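Ready for some practice at reading a protein model? Grab a pencil, take a look at the structure, and work through the exercises one step at a time.

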Amino acid sequence: MKVHHMALSLDVDFDKQQLQGSVNLLFKRLTNSTQLTLDGRDLIITSITDTDGQPLEFSQQHVNGLQGEKITIEVGTELTEVTVNYRTSKDAQGLQWLTPAQTLGKQSPYLFSQSQPVNARSWIPLQDSPKARITFSAAIQVHNGLRAVMSAANSAEMPTDGLFTFEMEKPIPTHLLALAVGDLAYSEVSDRCAIYTEPAMLEKALKEFEDTESMIVAAESLLGPYPWGRYDMIVLPPSFPFGGMENPRLAFITPTLIAGDKSLVSTVAHELAHSWTGNLVSNATWRDLWLNEGFTTYFTNRLVEKIYGKEQADLEWVIEYGRLQEEMQSMPIESQTLPANVQDQDANDSFNRFTYDKASMFVHELESRLGRKAFDEFLFNYVQHFKFEAITTEKFVEYAKQTLLVEHSSVLSESELMTWVYGEGLPEWFVPPTSTSLDKVNLALRQFSEGVNATKLTVTGWRVHHWQFFITQLPFQLNQVQLKDLDMAFAFTQSQNAELACDWFRVAIRNQYDVVLPKVSGFLREIGRAKFVKPLYSELLIAGYLTEATEIYQQARAGYHPSLQVQLDLMFEANN
């Protein structure tokens, strides 16, 4: 049985930090089974009823800590609709409740969800799988004059009774279900794009993301009309664990992207690109995540090139390859494939540099071999062919055999295709991306390694991405004199750019440059983005700062998203 629509009715209780209400589920019968199976985790289910309000028998069976519970409902042979009455628990990993003190405004509480990968089940009982695409409606009752927004059609109007209603008439994967409630201001970027965020953040966010409409137009020129009507964004508090989340019609964005110079807005382009590759065509299982993230990472680079120029796009591509190289050194070779081998593991483990950057390198090579015009035609047709479908790696391979290998057999063989998709590491013929824009950075790196004082290096006109490359390519081991020289010349420890700060802190920590520790502590207590937090704690533990790391984590933990808390708890348990 397959659920295809849900009607959600929830009351938001900040005092109890709880959602309470019901979800009405409509399902199709695919077999003669008399049981409907749902996913749940830490939900308190009070009753399940049929369309007449009559109670139905159900059971909850604990599977494991990752998957939660299997909810089995006896639906007989005729029913196609049930209503589950329930409430969430304080252990819901898909919800983060912030006190007023944890917000920018310090006056009102805040709630936001993070359903990907398997956390929708912690706030809604449903079939929580990427292939379970559903439409939905929702009625969210909010108190205290706060605003609710969802991954659906949002309205700038504030209802006088606090009852917000939403509709998503296009089928989406369940991990894209999203809700946020707080003191949210609203302003238009264009007639189909707006930003929601706390009032004190709005002006900065509008300035930083003012090119979003241009990004939408650029994306449409490559993959056809934007398919979701509106592309709104909400800039969340710093505890949001990701750079962005591509929830349809309401992308979730981290405030760490607001650098004041638009240097980090490629993440906005990435979430927008997901509107086609990820939301329109999606992965059927977490093993197939590369179909989302690889095509989207490539597509992001194309948008950056179109809006900000080829130099910027090439810089980001080279840095992307650098991230992949770093992970290749630490990841077991059998895990260095496009399909993520996570069938019996935590779905969070599928989010690695291979499903993103190796997959992107594969797509870049397809473009190189076919030529941009022919590749763009393939990409457009691929998206149109599978729109509103969740597909597997094997389904993509079969499609590629019927299209790429037929129409472009002179430049791509089946063995080469299969090596890219199923092979470990990078193909032996792979040529890494380069950028002549980095020649000046490589010169500075060489001079510094040869003993030239940092203040003597020529860095005029460097962009943020030049600095990123410089920091990440510094020698692995540096002495205290060198570290102080770099810091005095370039004030890395004081950087307000989160990407640069994190990269520098990692270099400093591994080389015992204790000057950075107070800044690292403040950074980890203020920012909850997993991309920064996990590597920094890892560096601290590896470098022998167990006491310091533990103390910071004890102070910072309450401000992290529950899903990140679980991952960090395991990291610290392994080091104690």
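## Exercise 1: A pocket and its lining

Sorted by class, the residues lining the second largest pocket are 20 nonpolar, 15 polar and six charged. Keep in mind that this is a predicted model.

**Task.** Find out how much space lies in the second largest pocket, and which element gives the most to its lining.

**Solution.**
- Step 1: Start with the volume. The second largest pocket holds about 1,000 Å³ of space.
- Step 2: Look for its centre. Among the 41 lining residues, those closest to the centre are Pro238, Pro255, Thr256, Glu526 and Ile527.
- Step 3: Go through the elements. Two or more lining residues come from each of α1 (199–208), α14 (498–510), α15 (517–526) and α17 (546–556).
- Step 4: Pick the top contributor. That's α15, which gives five residues.

## Exercise 2: The two sides of a helix

**Task.** Work out which residues of α1 are buried and which ones on the other side are exposed.

**Solution.**
- Step 1: Recall some helix geometry. An α-helix has 3.6 residues a turn, so residues three or four places apart point the same way.
- Step 2: List the covered residues. In α1, Met201, Leu202, Ala205 and Glu208 are buried. Because they cover an arc of only 140° around the axis, they sit on the same side of α1.
- Step 3: Turn the helix around. On the other side of α1 you'll find Ala200, Glu203, Lys204 and Lys207, which are exposed.

## Exercise 3: A covered strand and its neighbours

**Task.** Decide how many residues of β15 are buried, then describe how β15 pairs with β14 and with β16.

**Solution.**
- Step 1: Remember how side chains are arranged. In a regular strand they alternate between the two faces of the sheet.
- Step 2: Count. Strand β15 covers residues 193–197, and five of its five residues are buried.
- Step 3: Split them by face. Cys193, Ile195 and Thr197 lie on one side, with Ala194 and Tyr196 on the other, and both faces are covered.
- Step 4: Check the pairing with β14 (residues 185–190). Five bridges join β14 to β15, and the two run antiparallel. Ser187 has Ile195 as its bridge partner in β15, and a hairpin links β14 to β15 through two residues.
- Step 5: Now try β16 (residues 232–235). Here two bridges make the link to β15, and the strands run parallel. Tyr196 stands opposite Ile234 in β16.

## Exercise 4: A three-stranded sheet

**Task.** Give the strand order of the open sheet of three strands and name its edge strands.

**Solution.**
- Step 1: Read the order. It's β3-β6-β5, with antiparallel pairing.
- Step 2: Find the edges. β3 (35–40) and β5 (58–64) each pair on one side only, which makes them the edge strands.
- Step 3: Add the twist, which averages 25° from one strand to the next.
- Step 4: Zoom in on one pair. β3 is joined to β6 (residues 68–74) by six bridges, and Leu36 stands opposite Ile73 in β6.

## Exercise 5: The largest cavity

**Task.** Say how many cavities of 30 Å³ or more there are, and which residues line the largest cavity.

**Solution.**
- Step 1: Count them. There are three cavities of 30 Å³ or more.
- Step 2: Take the largest cavity, with about 40 Å³ of space.
- Step 3: List its lining: Thr103, Gly105, Lys106, Gln107, Ser108, Pro109, Tyr110, Asp183 and Glu198.
- Step 4: Sort the list by class. You should get two nonpolar, four polar and three charged residues.

## Exercise 6: Backbone oddities

**Task.** Locate the cis peptide bond before Pro117, then place Arg249 and Phe388, two residues with positive phi.

**Solution.**
- Step 1: Know the usual case. Most residues other than glycine have a negative phi, and most peptide bonds are trans.
- Step 2: Find the cis bond. It runs from Gln116 to Pro117, with omega near 0°, and Pro117 is in the loop between β9 (110–113) and β10 (134–141).
- Step 3: Turn to Arg249. Its phi is about 70°, although it is not a glycine. Arg249 belongs to the loop between β17 (244–245) and β18 (250–253). With a relative accessible area of 8%, Arg249 is buried, because buried means under 20%.
- Step 4: Finish with Phe388. Its phi is near 65°, and its place is in the loop between α7 (372–386) and β20 (389–391). At 29% relative accessibility, Phe388 counts as partly exposed.

Conventions
Residues numbered from 1 in each chain as written. Predicted model: local features only at pLDDT ≥ 70, side-chain atom pairs only at ≥ 80, totals over all residues. Heavy atoms only, no water. Pairing = 2+ DSSP bridges. Helix = DSSP H or I, 4+ residues; strand = E, 2+ residues; numbered from the N terminus. Axes fitted to C-alpha atoms, helices over the stretch in contact; angles between N-to-C directions. 1 Å grid on protein atoms, 1.4 Å probe; cavity = no way out; pocket = protein on both sides within 12 Å on 5 of 7 lines; lining within 4 Å. Points joined across faces, edges and corners; volume = space filled by probe spheres on them. Nonpolar A, V, L, I, M, F, W, Y, C, P; charged D, E, K, R; others polar. Buried < 20%, exposed > 50% of the residue type's maximum accessible area, 1.4 Å probe, protein only. Arc of directions from axis to C-beta.
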